[in-house]
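Biologist: I should like to learn how pockets and a bound ligand are read from a model. Could you take me through the case shown here?

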Amino acid sequence: MKARDYLIEEAMPLFWCRGCGNGIILHALLRALARLGKSREETVVVTGIGCFGKADDYIRTHSIHGTHGRALAIATGVKAVNPGLTVLALMGDGDCATIGGNHLIHAARRNIGVTAVVANNLNYGMTGGQFSATTPQGARSSTSSFGNPESGFDLCRLAGAAGAALVARATVYHAALLESLLVEAISCPGFSLVEVMSSCPVYYGRYNGIPDPAAMMRWWQESAVPASRYAELAPEEKQGRFPIGRLGGSDRPAFSERYARVQEAAQAGAGRWIQAGTDR
Ligand SMILES: Cc1ncc(C[n+]2csc(CCOP(=O)(O)OP(=O)(O)O)c2C)c(N)n1
């Protein structure tokens with residue numbers, strides 16, 4: 001299989017603005033599916049609402065275009081009833097972590113075998129650049145003209161603490177790294193989250209002094225530090241920087257494995273219970 005085999009070419013050109021990172025994420029995802037030789041018939045892409053929520057328009061697998069913040073709830077249902085499918089939830093930061101934050105922590109806690117791909121452009125792109133739950137403190141947006149008084153979530157730490165099997169981060173500048181992290185995440189039997197720091201020059205960039213798409217790419221290049229090197233930085237050197245690569249996860253049975261045991265116990269008859277608390 002080639003990346004192009006997963007692309008709906010007739011849907012081109014892409015809906016996204018000039019300088020948007022979503023096309024880079026889409027291409028990396030299609031390359032990852034091709035590298036894994038995933039069957040289009042056994043792959044389900046679920047999206048929510050937002051600019052990145054349009055990604056399913058271009059992907060030739062099964063897809064469900066859901067509602068804002070509910071991509072993970074739908075993906076969870078798909079995977080629970082058919083664990084043999086490869087299930088991807090493609091979301092913006094608003095979709096995944098703001099309106100959808102509750103579904104994120106429970107998908108991670110449940111360790112359901114879904115791969116969440118989050119295009120984190122640090123704001124709500126589609127509705128005009130409002131701040132989201134990942135907008136950094138002090139950053140400007142259409143709803144924080146004098147600086148965001150809140151602080152942004154670290155999505156990888158959040159998902160890791162909630163019990164995800166694999167958490168990783170890349171940027172749209174690091175497309176080859178992104179592709180290999182996606183391959184790893186899609187191959188993981190439990191819940192995986194790949195956060196992609198993505199450019200939105202039209203809103204986030206314009207409000208924060210980096211409206212030029214190339215300057216935004218340089219910003220990602222300079223801010224992202226490989227995880228092993230980041231750990232050795234002094235606290236002042238960490239200011240304005242973040243780690244990329246595989247950032248954690250826990251090795252415990254995925255939901256489907258535990259649920260199969262429950263189904264076996266139920267089929268074997270009443271009175272036989274699986275032992276509580278065996279997987280933590
Ligand atoms: C329940 C609900 N609330 C609000 C909206 C309006 N809305 C549509 S997209 C969006 C934000 C999208 O931001 P994000 O998820 O970060 O994706 P991006 O557009 O930046 O890719 C909002 C608030 C909606 N469609 N449904």
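Modeller: Let us begin with one element: helix 3 (residues 93–98) gives the most to the lining of the second largest pocket, namely three residues. Please bear in mind that this is a predicted model.

Biologist: How is empty space found, and how much space lies in the second largest pocket?

Modeller: Rolling a probe the size of a water molecule over the atoms shows where empty space is left. Here, the second largest pocket holds about 240 Å³. Its lining has 18 residues, and Ile49, Gly50, Cys51, Tyr124 and Gly125 lie nearest the centre. By class, that lining comprises six nonpolar, 10 polar and two charged residues.

Biologist: Where does the ligand sit?

Modeller: The ligand sits in the second largest pocket. Around the ligand are 16 residues, of which Cys51, Gly94, Asp95, Asn121 and Gly125 come nearest. Helix 3 supplies the largest share of this shell, three residues.

Biologist: Which backbone atoms lie close enough to count as polar contacts, for which the cut-off is 3.5 Å?

Modeller: A backbone N or O atom of Cys51 is 2.7 Å from an oxygen atom of the ligand. For Phe52, a polar backbone atom lies 3.0 Å from a ligand oxygen, and for Asn123 the distance from a backbone N or O atom to a ligand oxygen is 3.2 Å. Of the 590 Å² of accessible area that the ligand has on its own, the protein covers 73%.

Biologist: What lines the largest pocket?

Modeller: The largest pocket, with about 740 Å³ of space, is lined by 28 residues, including Asp154 and Arg169. They divide into 14 nonpolar, eight polar and six charged.

Note on methods. Residues are numbered from 1 along each chain as its sequence is written. This is a predicted model: local features need pLDDT of at least 70, side-chain atom pairs count only at pLDDT 80 or more; totals for chains, interfaces and linings use all residues. Side-chain values use heavy atoms; hydrogens and water are left out. On a 1 Å grid over the protein atoms alone, a cavity is a set of points where a 1.4 Å probe fits but cannot get out, and a pocket is an open set with protein on both sides within 12 Å along at least five of seven lines; lining residues have an atom within 4 Å of a point. Grid points are joined across faces, edges and corners, and a volume is the space filled by probe spheres set on the points. Ala, Val, Leu, Ile, Met, Phe, Trp, Tyr, Cys and Pro count as nonpolar, Asp, Glu, Lys and Arg as charged, and the others, Gly among them, as polar. Helices (H or I, at least four residues) and strands (E, at least two) are DSSP runs, numbered from the N terminus. A residue is near a molecule or strand if one of its heavy atoms lies within 4 Å of it. A polar contact is a pair of N or O atoms within 3.5 Å; within protein, one must be able to donate a hydrogen and the other to accept it, and residues adjacent in sequence count only if both atoms are side-chain atoms. Accessible areas come from the Shrake-Rupley method with a 1.4 Å probe; for residues, only the protein chains shown count as cover. A molecule sits in a cavity or pocket if more than half of its atoms lie within 2 Å of its grid points.
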